[in-house]
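Dear colleague,

I am handing over the structure we spoke about, which you will find just below. After it I have set out what was found, going from one residue outwards to the sheet and then to the aromatic rings.

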Amino acid sequence: MKKMILTVSALCVLCACASVITNTDYIPMGPDGLSVQISDASKMPVFTYLKDIKEPWAPIGMYRIKALPDDDVVLKAEILKIKKAAAAKGANAIILNQFYDDAAAEDGHPITLAAYFVKYAREVTEEDKVKIEEYAEIERLRNARN
């Protein structure tokens, strides 16, 4: 009986984790593989207002996590995941927004986290410039077909 209860409990935890994973998406706004300056993602700056960023920057992507429980421990863990994803893409900071998604609410108030990945202009290397230009050319070609 104890094995059955432990198995059911483990399955519930796995299902909860799977639901968070399936509610994550990334929208690129620039090239992947830009130079990475932040090795410790926990130290990545987090902004909530555009006016707080005091230097030239551009968004390189947007990351969303939907249907999170309204729980501080879960939100802090998910924000760290966002920071790690941003650092891996070459971002220098994130602009983080959080809002309740009452339209998706079945039980409680699920939260959506949305973060823009910020790349500072001063941190763009020569290799990054080549990737940015290649990305821009591909976007021009895509738009020409439409």
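A useful place to start is M44, which, leaving aside residues up to four places away in sequence, touches I38, K83, A86, A87, A91, N92, A93 and I94. Please keep in mind while reading that this is a predicted model.

M44 also belongs to the largest nonpolar core, a set of 19 residues in which M44, I82, I94, L113 and F117 have the most contacts. Two or more residues of this core come from each of β3 (57–68), α2 (72–89), β4 (93–100) and β5 (111–120). Another core, of six residues, lies apart from it, and F47, I53, I95 and Y120 are among its members.

As for the overall architecture, the protein has three helices and five strands, and, read from the N terminus, these elements follow one another as α-β-β-β-α-β-β-α. The five strands make an open sheet with mixed pairing, in which the order is β1-β3-β5-β4-β2. Because β1 (24–28) and β2 (46–47) stand at the edges and have a single partner strand each, one side of each is left without a neighbour in the sheet. Elsewhere in the sheet, β4 and β5 run antiparallel and are joined by eight bridges; I95, for instance, has Y116 in β5 as its bridge partner. The helix α2 lies across β1, β2, β3, β4 and β5, and runs at about 30 degrees to β5.

The aromatic residues deserve a separate look, since by the rule used here the count comes to two aromatic pairs. In one of them, the rings of Y26 and F117 have centres 5.5 Å apart and planes at 35 degrees, so this pair is tilted. With Y26 in strand β1 and F117 in strand β5, the pair therefore ties together parts that are 91 residues apart in sequence. The surroundings of the two partners are described by their relative accessible areas: Y26, at 23%, is partly exposed, whereas F117, at 0%, is buried.

F117 also forms an aromatic pair with Y63, and this one is stacked, with 6.0 Å centre to centre and 20 degrees between the planes. Here too distant parts of the chain are linked, as Y63 is in strand β3 and F117 in strand β5, 54 residues apart. Y63 has a relative accessible area of 16%, and it counts as buried because that value is under 20%. Taken together, Y26, Y63 and F117 form one aromatic cluster.

Finally, some values for the protein as a whole. Of its 146 residues, 27% count as buried, and the protein exposes about 9,600 Å², of which carbon and sulfur atoms supply 61%. If one takes the contacts between residues at least 6 apart in sequence, 76% of them join residues that are at least 24 apart.

With best wishes

Key: Residues numbered from 1 in each chain as written. Predicted model: local features only at pLDDT ≥ 70, side-chain atom pairs only at ≥ 80, totals over all residues. Heavy atoms only, no water. Core = buried A, V, L, I, M, F, W, Y, C linked by side-chain atoms within 4.5 Å. Buried < 20%, exposed > 50% of the residue type's maximum accessible area, 1.4 Å probe, protein only. Helix = DSSP H or I, 4+ residues; strand = E, 2+ residues; numbered from the N terminus. Contact = heavy atoms within 4.5 Å. Pairing = 2+ DSSP bridges. Axes fitted to C-alpha atoms, helices over the stretch in contact; angles between N-to-C directions. Areas by Shrake-Rupley, 256 points an atom, 1.4 Å probe, with all protein chains shown as cover. Phe/Tyr/Trp six-rings, centres within 6.5 Å; stacked < 30°, edge-to-face > 60°.
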